[in-house]
Amino acid sequence: MPPPRRARTTSARAATAPRKKPQVKLPPPPAPAPGGIEAWFEERGWAPFAFQREAWAAYERGESGLIHVPTGAGKTYAAYIGPLMDVARRREKGLQVLYITPLRAVSRDIELALLAPLSAFDADITVESRTGDTSSSIRRKQKDRLPEVLITTPESLSLLLCHERAEELFAPLRSVIVDEWHELLGSKRGTQVELALARLRRFAPAVRTWALSATLANLDEAARAVVGPDVPPTLVSAGLERDVKIETLLPDTVDAFPWAGHLGMAMLRKVSDWLDPQHPTLLFTNTRSQAERWFEGLRFLHPEWEDVLALHHSSIDRETRESVERGLKDGTVRLVVCTSSLDLGVDFGPVERVVQVGSPKGISRTLQRAGRSAHRPGATAHLLFVPTHALELVEMAAAREALAHRAVEPRTPLRQPLDVLAQHMVTCAVGGGFTREALLAEVRGTLAYRELSQEDFDRTLLLVTEGGPTLRAYPQFRRVQKLEERYVVMDARVARLHKLNVGTIASDSSVDLRYWSGGRLGSVEESYVGRLRPGDTFLFAGKRLEFCRMKDLTAYVKPAKGRASATPRWSGGRLPLSGSLAAAVRHTFHTVREGHLEAEELRAARPVLEAQARLSRVPASDTCLAELCRTREGHHLFLYPFEGRLVHEGLAALLALRLTRLKKGTFSLSVNDYGLELLSPTPFPFEECLTPALFTRERLVEDILESVNLGELAKRQFRDVARVAGLVMPGLPGARKSTRQIQASTGLLYDVFARYEPDHLLLVQARREVLEQHFEQVRLVSTLERLEKTPIECVHVPRPTPLAFPLIVERMGATLSNETLLDRVQRMKEKWLREDSSPA
């Protein structure tokens, strides 16, 4: 059920005023509306859905669980109205309903939605937000007494748990609502929420917890993660599946040499012709740099759109983002180029259509983004796919089929990340303290730490009290002290540092981007700015900028006079193919091999598919295609498991190691979402070696440890682990450490632990996270199991095929040359075209 139109609650003039977050407190109405909440729904022309009534009744019975219905169907009111009626009936003061959202940017929208039903009750109920954007005056008021309904984020909730009177403040709590649970689940933020919920259950044993989600596959596991493993969860769902109308914008021509990105900007004019400001549209890209380029391109093609076209991504200054969001709601902004910053939460009722530039890489993400359009029950979502290379046409045909079957990916909760536990221990010690036995029982009341051993708990406790065996001689690591049987933080500076660095979001340190003359533009990663020289120009927030200097972790710029020569590239921008979409791609190629090209995307990709069939084979789902080829570079093995970039990185390194055990050799490696390449400068018996034994899962971890530079990868991962655990702090405001300083500190710690305590719990965790995150170990194991049982179809090819070509370009892009990548690719294409056209 959508919230009421925003115009009824706030004016456009008020929305553009300085964001001081005044306390929002509505006086009780002069008389209760007849029929209470039923009348409130009726006044708006709504009627409660059956699943909403079911959720209200479940809450009344004291149950906890998960509400899983499509985007825009009314999840918020399904979870909120039951607790609200309870609060109105009891007429008690203090915090009783806690609403957790992953994005602080949407807290104001949620606040308006939760305020709206108050008119149905004759009760004095206060609704407020507590996020990083909340004003200091509101924070001071909340320090003594929290409102009856509070909207917050995982990080701000942990900060509230640091309050010395946390138990007293949370004791009246009756309900917790966790929005967009699929976004948190499977990440350390999700684990952070699990631990916080366990603490709240100790403060308020009768509290009921409800999670909200629209795109989850493993519903029971997701529900148990939010309510606790010992509570039978209630699942509330509805047969309200929203129709998704999917189109694909087909390129005018497709050649037989596809490579990632080569078609992207070539589609710009077709997209601009399709767009119409009369139909408000979100245009999603997968990276911030791509969003910058597409925004600049659209603005160049349509200068008349200047007032209705906008750019939105997470690095742009908050005030600018909020201005774009307000414009979408009131209709003054009609077209927005964006990233995942607009994936969640914000309800933009006027948006009619969504464009996805490039593959969405996952079914859940596709559904989430499609759901941003026509955000209301029963309305059809409109999604347009725009391929950025020819093989993405196959990927989009596969995505269409997977969407039809709602083949969404599961989100698996993390198991026992001890860095998050260490941070939580300090939070509890700051927030009134804890006893060992009580906290151990509390932590084991989460799904993440249900199997936590006493030994690991005590080692983590030793880490926060003494720094562990290796660091106990250094006072700065003694953050928590034991007073009699209670663990507390006595040092005010330790408590302040901890509060300033609470959270589990790990990313490259960012620096402020400001005009030389004043005015903040946003933030960019320090690693990018570190490569700039004065005079370099780049695009940011849709503006052409010239870099002037770096001072005090602030990058100063001025408007550039000429064309921008670069666009910032943020780390972590390359999304891997999800398991569900990978399976759909394998199935789609199999149907093509059998002669079925009914989908319009497959018909458009016919030149590529025919070239693949002519030179080699189209992959089948019951075999794994391997292509062998000789070029002037050497001898190539191309293998196509279609399991995603991360799995293929681990698989390529593993196969290279195992092949060299069979015969000495040296390989260059290349991977993408579809397959991998092993290149040997000398002849190598690839075909003889491609046996089931090559894909055995025996000694998998040992072989990965031997095949990759795990030490360097683990050292980088350890930086994030150490930060979350609190061993390294970015510093106090005005005295922040640079990325280089943090890297030096964590590098020193890593080397000390590796030498004197090689089984240190954080070292072990860093290595495990490399395997789980960098190589997707679980998927790698299942891939090896599949390949061990699947016949390998070896084909000798005269030259690299359309499937192999992107792998070669990938490898070429990683090598140094005084020739541009585009020139090298074009020269290669011309050579192979001559060979294809020459008589046999």
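**A guided reading of the predicted model**

In this predicted model, confidence in the protein chain is lowest in helix α1, residues 12–15, where the mean pLDDT is 28, and highest in strand β5, residues 175–178, where the mean reaches 98. Over the chain as a whole the average pLDDT is 85, and 85% of the residues score at least 70. The stretch to read with reserve is residues 1–34, over which pLDDT stays under 50, although the model has 69 contacts beyond four places in sequence for these residues.

The protein chain holds 34 helices and 26 strands, and of its 840 residues 59% are buried. Among contacts with a separation of 6 or more, 75% are accounted for by residues 24 or more positions apart.

A useful place to begin is the sheet that contains β5. Here 7 strands form an open sheet with parallel pairing, in the order β3-β4-β2-β5-β6-β1-β7. Its edges are β3 (127–130) and β7 (234–237), each of which pairs on one side only, and neighbouring strands of the sheet are turned against each other by 20° on average when direction is ignored. Within this order, β2 and β5 are joined in the parallel sense over 4 bridges, and Y99 has I177 in β5 as its bridge partner.

Helices pack against these strands. Helix α4, residues 75–90, lies across β1 (65–68), β2, β3, β4 (149–152), β5 and β6 (208–213), and runs at about 160° to β6. Helix α10, residues 188–203, lies across β2, β5 and β6, with an angle of about 170° to β5.

Following the chain out of β2 (97–100) leads to T101, which lies in the loop between that strand and α5 (107–115). Is T101 buried or exposed? With a relative accessible area of 1%, T101 falls under the 20% limit and is therefore buried. Leaving aside residues up to four places away in sequence, T101 touches V106, I110, I151, T152, T153, P154 and D179. Closer along the chain, the side chain of T101 reaches the backbone nitrogen of L103 at 3.3 Å.

Strand pairing of the other sense appears further along, where β19 (residues 537–540) and strand β20 (residues 543–551) run antiparallel and are joined by 4 bridges. The two strands form a hairpin with 2 residues between them, and A541 in the turn has a positive phi of about 55°. Across the pair, F538 stands opposite L545 in β20. In a regular strand the side chains alternate between the two faces of the sheet. Both faces of β19 are covered, since T537 and L539 on one side and F538 and F540 on the other are all buried.

The last step concerns the nonpolar interior. In soluble globular proteins, nonpolar side chains tend to be buried together. The largest nonpolar core of this model has 77 residues, and those with the most contacts inside it are L678 and F718. Helix α17, residues 418–430, contributes the largest share of this core, 9 residues. The surroundings of F718 can be traced through T746, L749, Y750, F753, L762, L763 and A766, which F718 touches when residues up to four places away in sequence are not counted. A second, separate core of 60 residues includes V351, L383, L597 and F642.

Key. Residues numbered from 1 in each chain as written. Predicted model: local features only at pLDDT ≥ 70, side-chain atom pairs only at ≥ 80, totals over all residues. Heavy atoms only, no water. pLDDT = per-residue confidence, 0-100. Contact = heavy atoms within 4.5 Å. Buried < 20%, exposed > 50% of the residue type's maximum accessible area, 1.4 Å probe, protein only. Polar contact = N/O pair within 3.5 Å; in protein donor to acceptor, adjacent residues only side chain to side chain. Pairing = 2+ DSSP bridges. Axes fitted to C-alpha atoms, helices over the stretch in contact; angles between N-to-C directions. Core = buried A, V, L, I, M, F, W, Y, C linked by side-chain atoms within 4.5 Å.
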